[in-house]
Amino acid sequence: MEYVLRCTGCSLTARDYASFRCKRCGSVLEVSYDYSTLVLPAGFRGERIGSRKYLPFLPVRSLSASLGEGGTALACKRIPKYKGVNLFFKTETENPTRSFKDRGSAVEITRALELGFDRIICASTGNMGMSLAHYAKHAGIRATVFINRSGNPEKIRRIRGFGAEIKAVKGDFNESLREAEAYASSSSAFLCGDYHYRKEGQKTVAYEIAEQLRYEVPDFIFLPVGNATLLSALYKGLKEYMMLSLIDRLPRIVAVQSSGCDPLVKAYNRKEKIGYVKPSTVADAIAVGYPTFGTEGITALSETKGYAVRVPDEGIIKSMRHLESLGIYTEAGGAAAFAGFRNMYEGSKRVFNGKTVVVLVTGNNER
Ligand SMILES: [Zn+2]
């Protein structure tokens, strides 16, 4: 599909396809397609799910950096306590580096190759760095990861194991992000991370959910929120399938954050602009004090009549154990969406009676 990069703040079109923020106002960019140029192959609906299937919806010519991401299971679990709810878990932990980040990495690394870069950099709390380091290694390009020096040691060790250079940052994720962006502006490396190309890769999870439910839209989709890229991507994917009449309505999206890091929950429920929150949570994957796609995330929630809920860390840990007992292995951040469902269900059981609920399990990299 033909597309331009457009500023989410002032709508200015970016001329440089390697830029990551608007030159005029500093807002993040979005891939804005000319949908009249979309060509779906015959038999598209019947094709097997997985990121390669969705190439016509992606801002790349091929998906040369793909390592088989996507196509993850949507498992229905009968849990006696939640009888009456059609409860499904989308296990993004089945991706090559055990997190949903791989969907975005395939697109970003492909784009880096198409634009002629031989080096990428990113800021990360862990999973992003691991995913990009793995994809960069397979594509034969160098990777540098900016990460909080007191971040998850196992994740840092594995990023190094993929051959990436680590830049240890004093401060939280937003400080790593500032340093990575400053570095990108003064170097010849392609900045990856929670930006527009990644969002395009991540929206494929929405297509898969729709297809796995035979184009019956679930009533609710619960997901954990850190930088809100997945949230805004999910919404974009669903809207595109609506536009193509593949689905006929939107589900309510429920964004879940830890009580120890809840900037989006605060902003959405108080109808305020997003403000910074100093992260303090065991769920390192979603410990983002100021979400890059926060404004877009709030739009996704309000346009789907969704909710934003916070859960204490102990609820996240309990949910992680509960998932384990169901044979679903995840890290704390990956269990947050289920914790959000459990909390909401306790407060309003009737709301979920007879409903179809999809819970995203986003990562499993703490051990
Ligand atoms: Zn702008």
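1. An open sheet of 6 strands in the order 4-5-13-10-11-12, with mixed pairing, is the first feature to note; strands are DSSP runs (E, at least two residues) numbered from the N terminus, as are helices (H or I, at least four), and two strands pair if DSSP finds at least two bridges between them. Strand 4 (74-76) and strand 12 (307-311) each have a single partner strand and stand at the edges, so one side of each lacks a neighbour in the sheet. On average, neighbouring strands of this sheet are turned by 25 degrees against each other, direction ignored.

2. This is a predicted model, in which local features need pLDDT of at least 70 and side-chain atom pairs count only at pLDDT 80 or more, while totals for chains, interfaces and linings use all residues. Residues are numbered from 1 along each chain as its sequence is written, and side-chain values use heavy atoms, with hydrogens and water left out.

3. Within the sheet, strand 10 (residues 220-224) pairs with strand 11 (residues 252-258) in the parallel sense over 5 bridges, and Arg-252 in strand 11 is the bridge partner of Phe-220.

4. The zinc ion is coordinated at 2.3 Å by the SG atoms of Cys-7, Cys-10, Cys-22 and Cys-25, donors being N, O and S atoms within 2.8 Å of the metal (3.2 Å for Na, K and Ca), with water not among the atoms, so sites may look incomplete. These donor residues are spaced C-x2-C-x11-C-x2-C in sequence.

5. The 4 donor atoms subtend angles of 97 to 118 degrees around the zinc ion, which makes the arrangement tetrahedral (for four donors, all angles between 85 and 135 degrees).

6. Cys-22 is buried, at 7% relative accessible area, whereas Cys-25 is partly exposed, at 39%; buried means under 20%, exposed over 50% and partly exposed in between, with a 1.4 Å probe and protein chains only.

Note on methods. Axes are lines fitted to C-alpha atoms, for helices over the stretch in contact, and angles run from 0 to 180 degrees between N-to-C directions. Four donors count as tetrahedral if all angles lie between 85 and 135 degrees; four count as square planar and six as octahedral if opposite donors are over 155 degrees apart and all others between 65 and 115; anything else is irregular.
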